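Trainee: Could you take me through one part of this protein in close detail? I would like to hear about the links between side chains.

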Amino acid sequence: MTITKYTALTIILLLSLGLAAQPSAQTRPDYGPDITVEAARKIATAAVAACKANNWKVAVAIVNTHGSLVYYERMDNTQSASARVAVDKASAAAMYRRSTREFAEAVAGGNPAMMSLPGVIALPGGLPVLSGDKIIGGIGVSGVTADQDEQCARAGLAAM
């Protein structure tokens, strides 16, 4: 029986999707208890302050380990799409236990199948929130360039 070109491509795509969906257990932190509203507010406040210092208009979302919104703040005159993108970045970072930059790098490195995973967003600006060595949530920032979004998210995490 001869395998057609389309069947072979389908098999390759499915195999690459399966490999992408299996993060190394040794490199990903375990989950801890969900982030509290107080901790989420503190992180978001610091992220917004960093953005204000640069006159950047952004939305900031903090989610729990399941990707559900815990705290949200949007600066006046932030582009409308950033409201959803910030939540999506935070959710992907928390649920997949990695920065959203890692998804962007995987896609740029030739693994477009990564984008078929549910909830993946391949834009920097989403980071896991850690307490000790456990993930307790995620932060997502959106509104300026992806690198600037990530800079603000890191500033928020530094306040923990």
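Mentor: Happily; what follows is a walk through the salt bridges, then the disulfide and one loop residue.

Please keep in mind that this is a predicted model. Side chains of opposite charge can pair when their charged atoms come close. In this chain, the count of salt bridges comes to seven, and I will pick out some of them.

Let's begin at helix H4, with Glu102. The side chain of Glu102 meets that of Arg28 in a salt bridge, at 2.9 Å from N to O. Arg28 sits in the loop between helix H1 (5-20) and strand E1 (30-31), so this pair ties together parts that are 74 residues apart in sequence. The two partners differ in their surroundings: Glu102 counts as partly exposed because its relative accessibility is 30%, whereas Arg28, at 15%, counts as buried.

Staying in helix H4, have a look at Arg101. Arg101 forms a salt bridge with Asp147, and their closest N and O atoms are 2.5 Å apart. Asp147 belongs to helix H5, and the pair links distant parts of the chain, 46 residues apart. Both ends count as partly exposed, with relative accessibility of 25% for Arg101 and 49% for Asp147. There is a wider arrangement here, too: Arg101 and Asp147 are linked with Glu150 and Arg154 in a network of salt bridges.

Now move to the strands. Lys134 and Asp30 meet through their side chains in a salt bridge, with 3.8 Å from N to O. Lys134 lies in strand E5 (residues 134-142) and Asp30 in strand E1, 104 residues apart. Lys134 counts as partly exposed at 31% relative accessibility, and Asp30 is partly exposed as well, at 45%.

Next comes a covalent link. The count of disulfides comes to one: Cys51 and Cys152 form it, with their sulfur atoms 2.2 Å apart. This pair also links distant parts of the chain, since Cys51 is in helix H2 (residues 37-53) and Cys152 in helix H5 (residues 146-158), 101 residues apart. Both Cys51 and Cys152 are buried.

Finally, go back to the start of helix H4 (100-108), where Ser99 is found in the loop between helix H3 (81-96) and that helix. Why does Ser99 count as buried? Because its relative accessibility is 11%, and buried means under 20%. Setting aside its neighbours within four places in sequence, Ser99 is in contact with Gly126, Leu127 and Pro128.

Notes. Residues are numbered from 1 along each chain as its sequence is written. This is a predicted model: local features need pLDDT of at least 70, side-chain atom pairs count only at pLDDT 80 or more; totals for chains, interfaces and linings use all residues. Side-chain values use heavy atoms; hydrogens and water are left out. A disulfide is a pair of cysteine sulfur atoms within 2.5 Å. Helices (H or I, at least four residues) and strands (E, at least two) are DSSP runs, numbered from the N terminus. Buried means under 20% relative accessible area, exposed over 50%, partly exposed in between (1.4 Å probe, protein chains only). Contact means heavy atoms within 4.5 Å. A salt bridge is a side-chain nitrogen of Lys or Arg within 4 Å of a carboxyl oxygen of Asp or Glu.
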